[in-house]
Amino acid sequence: MPRRLDPREVREDFPIFSDPKWRDLIYLDNAATTQKPRHVIEAIADYYSRRNANVHRGVYELSVEATELYERARRKVAEFIKARSWREIVFTRGTTESINLVAYSWALRNLKRGDKVVLTEMEHHSNIVPWQTVCGLTGASLSYIPVNEEGYLDLSELDKCLKGAKLFAFTYASNVLGTINPVGELVKAAREHGAVTVIDAAQYVPHAPVDVAGIGCDFLAFSGHKMCGPMGIGVLYGRSELLEEMEPFQGGGEMIREVRLDGSSWNEVPWKFEAGTPNVEGAVGLAAAIDYLSEFGMDQIRSHELRLTERALELMAGVPKIGLVGPENPKDRCGLISFTLADVHPHDLAEFLDAKFRIAVRAGHHCAMPLHTKLGLTATTRASFYVYNHEGEVEVLARALREALTYFMVS
Ligand code: PLP
């Protein structure tokens, strides 16, 4: 039986919320990073207190144990996202590094002048900039699937857009609009055109069940720190056949089989892509985070966030002069809401919410400048939810937004 998700009880699992300084904090910046439960903090402390050694190379018991922990974490990740094999899981520093790995190890070597890379207008910079760089180096061209006024991808010309594409990279869920994209449909269309698919799942894997084998994508990236895990650890899922064919991303220790003065050969997948001493602490923490989330089950986490999003959209829609960004239907969204309030600058609003209500939200372009330009905005304020947020907090947010109108003398 999964543990019942009662957000007020869940809050007790997170030491930061019992710190006298942060006891009354309403933390709504989970799309940027989540807080860490005791379970994860203790797993990391335990690793350093009782199991720390460098992995893979040691023959002594402590190193063997550390290696086991690291590799067990890989198996746990594989199971969590339903990969066919643990060999399809590469540990990276985060989503950004995972996408760069594909850009440099796959795209740089497989694209040439005249080839086409397709992205969408709702991408985070980490799913735009690496492709711009690689297209610049190879002479391939870049095009974008447009976003419509309702905040969805305009798929009316998907086939036309994908014609001749070598690679299609898109987000599972937008970190600004909240839109959850129809990834199965996108992958299917890309496959019909022979394009390799890369999914940025930074805003989805932490919040709902994911089945990479079912989706049929070639690559999928996410970050540990957005799902209760530590910073500096992330995952690249890659379909075995592609990982086998690819050249390494970086060179150094661990990723080699043999080094001679006149050349080198590579280790097996996935270690071929993990040059140097890996982030063992990060992998251990991520495994603990997966255990923690699995106590509730990802279906229950999704339902909880959906309820919060429904309530938040309902309450926020009633605030005068608010501009809600993204799909109206909460079911099509992940648990985040970006908005504008009259002509109050999002930075001023975020400071007000923090100073007067202890509400932590993010303000700015959220690393999605092209999308903001498309929306005709320079910045938005974003509230994003997780397992420890409850309806009472959403109600305070709505009340605070009404008070902001008075404070900023919006007439
Ligand atoms: N992609 C999306 C959709 C994101 O929201 C983020 C982070 O905010 C990233 C990529 C980058 O993640 P990281 O900074 O952990 O590499």
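Which backbone N or O atom lies 3.4 Å from an oxygen atom of the ligand? The atom belongs to T95, and the first legend below starts from this contact. Please keep in mind throughout that the model is predicted.

**View 1. Polar contacts reach the ligand from T95, T96 and H225**. Start at T95, where a backbone N or O atom is 3.4 Å away from a ligand oxygen. At T96 the side chain takes part: one of its N or O atoms is 2.6 Å from an oxygen atom of the ligand. H225 also uses its side chain, with an N or O atom 2.8 Å from a ligand oxygen. On its own the ligand has 390 Å² of accessible area, and the protein covers 85% of that area.

**View 2. The shell around the ligand holds polar, charged and nonpolar residues**. If you walk around the ligand, you meet G94, T95, T96, H124, S126 and N175, together with D200, A202, Q203, S223, H225 and K226. Sorted by class, this shell has 9 polar residues, 2 charged ones and 1 nonpolar one.

**View 3. The largest pocket is the space that the ligand takes**. This pocket offers about 440 Å³ of space. Its lining is made of 28 residues, and those closest to the centre are A31, A32, H124, K226 and C367. Two elements, α4 (95-110) and β14 (362-364), each give two or more residues to this lining. Counted by class, the lining has 14 polar, 7 nonpolar and 7 charged residues. Two of the residues closest to the pocket centre, H124 and K226, may be familiar from the previous view, as both also belong to the ligand's surroundings.

**View 4. The second largest pocket has F91, T92, R93, E97 and A275 nearest its centre**. Here the volume is about 250 Å³. Altogether, 17 residues line this pocket. The elements that supply two or more of them are β2 (89-92) and α4; you have already met α4 in the lining of the largest pocket. The lining of the second largest pocket divides into 8 nonpolar, 6 polar and 3 charged residues.

**View 5. A cavity is lined by residues that include Q203**. How many cavities of 30 Å³ or more are there? The count comes to 1, and its volume is about 40 Å³. Around this cavity you will find N30, A31, Q203, H207, C334, G335, L336, S384 and F385. The lining has 5 polar and 4 nonpolar residues, with no charged residues. Look again at Q203, which is also part of the shell around the ligand, and at A31, which is among the residues closest to the centre of the largest pocket.

**View 6. Two loops show backbone details at P270 and C228**. Most peptide bonds are trans, and most residues other than glycine have a negative phi. Against that background, the peptide bond from V269 to P270 is cis, with omega near 5 degrees. To find P270, look in the loop between β10 (263-266) and α10 (280-296). C228 has a positive phi of about 80 degrees, although this residue is not a glycine. The loop that holds C228 runs between β7 (219-223) and β8 (234-238).

Note on methods
Residues numbered from 1 in each chain as written. Predicted model: local features only at pLDDT ≥ 70, side-chain atom pairs only at ≥ 80, totals over all residues. Heavy atoms only, no water. Near = heavy atom within 4 Å. Polar contact = N/O pair within 3.5 Å; in protein donor to acceptor, adjacent residues only side chain to side chain. Areas by Shrake-Rupley, 256 points an atom, 1.4 Å probe, with all protein chains shown as cover. 1 Å grid on protein atoms, 1.4 Å probe; cavity = no way out; pocket = protein on both sides within 12 Å on 5 of 7 lines; lining within 4 Å. Sits in = over half its atoms within 2 Å of the grid points. Nonpolar A, V, L, I, M, F, W, Y, C, P; charged D, E, K, R; others polar. Points joined across faces, edges and corners; volume = space filled by probe spheres on them. Helix = DSSP H or I, 4+ residues; strand = E, 2+ residues; numbered from the N terminus.
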